[in-house]
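Q: Hi, do you have a moment to walk through a model with me? I'd like to go over it piece by piece.

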Amino acid sequence: MSKALLLGIALASNMGGAASPIASPQNLIALQNMSPAPGWGIWFFIALPVCIITILLIWVLLLVSFKPGRNTTIVPIRPMKDKFTGIQWFISITTLVTIVLWCVTHQLEPLFGDMGVVAIIPIVLFFGTGVLTKEDFNNFLWTIIILAAGGLALGKAVNSSGLLHTIALAITDKVEHLSLYGVLVVFCALIMVVATFISHTVAALIVLPLVQQVGQGMAEPHPNLLVMGSVLMASAAMGLPTSGFPNMTAIMMEDSQTGQRYLQVRHFLTRGIPSSLIAFCVVITLGYGLMLAVRF
């Protein structure tokens, strides 16, 4: 039960990262490579059915492979009866306001300029009021921040050096005889493999501009469809412990009494890879149909 629950949360978190435009950094990268950028309604129309059906199929996979109901006793959780404090209300309201501002960032772009400016609001409020302290600042996961920022730098370097354009021309020559559906399958498979071994965000930074250029250069341009399908698969790459931060967090979880980790690499290989393939099939079938329905 413990293995199934931890792995299920990690895999669901990966897929949930594709559900909304602000759920993961790679989604923001996708929006930057889509013209016109889809609104929240269109994104939900495509991503939610894909994510929900994929998660349900992964749930069935975990039930069949782990059989978590055998010899399992779930200890009841004591319900919390404490009332919200003033600080908790302040944190909740600040968080909700920040999320709302992110949702309407395109309408407020003349005011804020960029979504990153909105993200500064809770930082100023939390540190300025003393809710967070210097110790909290020092305990941030700076390695993750450096990884994300390093990925941004890598993506800029690939683009500005002309390497991206060269690769795009080479791939366009290889796929020019394929149909739109064939090109989608190729790029979904490509980003699934790449994002399995490196960060989802870094994979998106490298592959999505390439996908956009290839899609724009087709006889019948469909760059938005190819970018949307590719970014859905970027979140669905989950075959290794290093495939995304949810997997990294899950494999680090230990039994507090024995100190042994609940999950091993083999659990990700035997459940994560099939889960990625399930997501791949859903994206290139249901996802493709939904993207055609919105005329991407």
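**Walking through the model**

A: Gladly! Buried residues make up 39% of the 296 residues in the protein, where buried means under 20% relative accessible area, exposed over 50% and partly exposed in between (1.4 Å probe, protein chains only).

Q: Thanks. What are the ground rules for this one?
A: This is a predicted model, so local features need pLDDT of at least 70 and side-chain atom pairs count only at pLDDT 80 or more, while totals for chains, interfaces and linings use all residues. Residues are numbered from 1 along each chain as its sequence is written, and side-chain values use heavy atoms, with hydrogens and water left out.

Q: OK, how many helices and strands are there?
A: The protein has 14 helices and zero strands. Those are DSSP runs numbered from the N terminus, with helices being H or I of at least four residues and strands being E of at least two.

Q: And how compact is it, by radius of gyration?
A: As compact as a globular protein of that length, because the radius of gyration is 21 Å, close to the 19 Å that the globule rule gives for 296 residues. That radius is taken over C-alpha atoms, and the rule is 2.2 Å times the number of residues to the power 0.38. Along the principal axes, the C-alpha atoms fill a box of roughly 60 × 50 × 35 Å.

Q: What share of the contacts joins residues at least 24 apart?
A: That share is 74%, among contacts between residues at least 6 apart in sequence. Contact here means heavy atoms within 4.5 Å.

Q: Let's go to the surface. How much area does the protein expose?
A: About 16,300 Å², with carbon and sulfur atoms supplying 69% of it. Accessible areas come from the Shrake-Rupley method with a 1.4 Å probe, and for residues only the protein chains shown count as cover.

Q: And the charges, how many positive and negative side chains?
A: There are 13 positive and 10 negative ones, and the centres of the two sets lie 15 Å apart. Lys and Arg count as positive and Asp and Glu as negative, leaving out His and the chain ends. Each charge is placed at NZ of Lys, CZ of Arg, CG of Asp or CD of Glu.

Q: New topic: how many aromatic pairs are there?
A: The structure holds five. One of them joins Trp40 and Phe44, whose ring centres are 5.5 Å apart with planes at 75°, so the pair is edge-to-face. Rings of Phe, Tyr and Trp (its six-membered ring) pair if their centres lie within 6.5 Å; planes under 30 degrees apart count as stacked, over 60 as edge-to-face and the rest as tilted.

Q: Where do Trp40 and Phe44 sit relative to each other in helix α3?
A: They are separated by about one helical turn, because they are four residues apart in that helix. Trp40 is partly exposed at 22% relative accessible area, and Phe44 is partly exposed too, at 30%.

Q: What about the rings of Phe84 and Trp89?
A: Their centres are 5.1 Å apart and their planes are at 65°, so that pair is edge-to-face. Phe84 counts as partly exposed, at 48% relative accessibility.

Q: Back to Trp40 for a second. Which residues does Ser20 touch?
A: Leaving out residues up to four places away in sequence, Ser20 touches Asn27, Trp40, Trp43 and Phe44. Ser20 lies in the loop between α1 (2–16) and α2, and with a relative accessible area of 12% it is buried.

Q: Now the backbone. Is the peptide bond from Ser35 to Pro36 cis or trans?
A: It is cis, with omega near -5°. Pro36 lies in the loop between α2 (25–32) and α3 (40–66).

Q: Which residue has a positive phi of about 50°?
A: Lys67 does, although it is not a glycine. Its place is in the loop between α3 and α4 (86–103), and Lys67 counts as partly exposed at 43% relative accessibility. Arg295, also not a glycine, has a positive phi near 65°. Arg295 is in the segment after α14 and is exposed, with a relative accessible area of 77%.

Q: Why flag those?
A: Because most residues other than glycine have a negative phi, and most peptide bonds are trans.

Q: Last one: how far apart are Cys281 and Cys188 in space?
A: They are 9.9 Å apart, C-alpha to C-alpha, and 93 residues apart in sequence. Cys281 lies in helix α14 (residues 265–293) and is partly exposed, at 43%.
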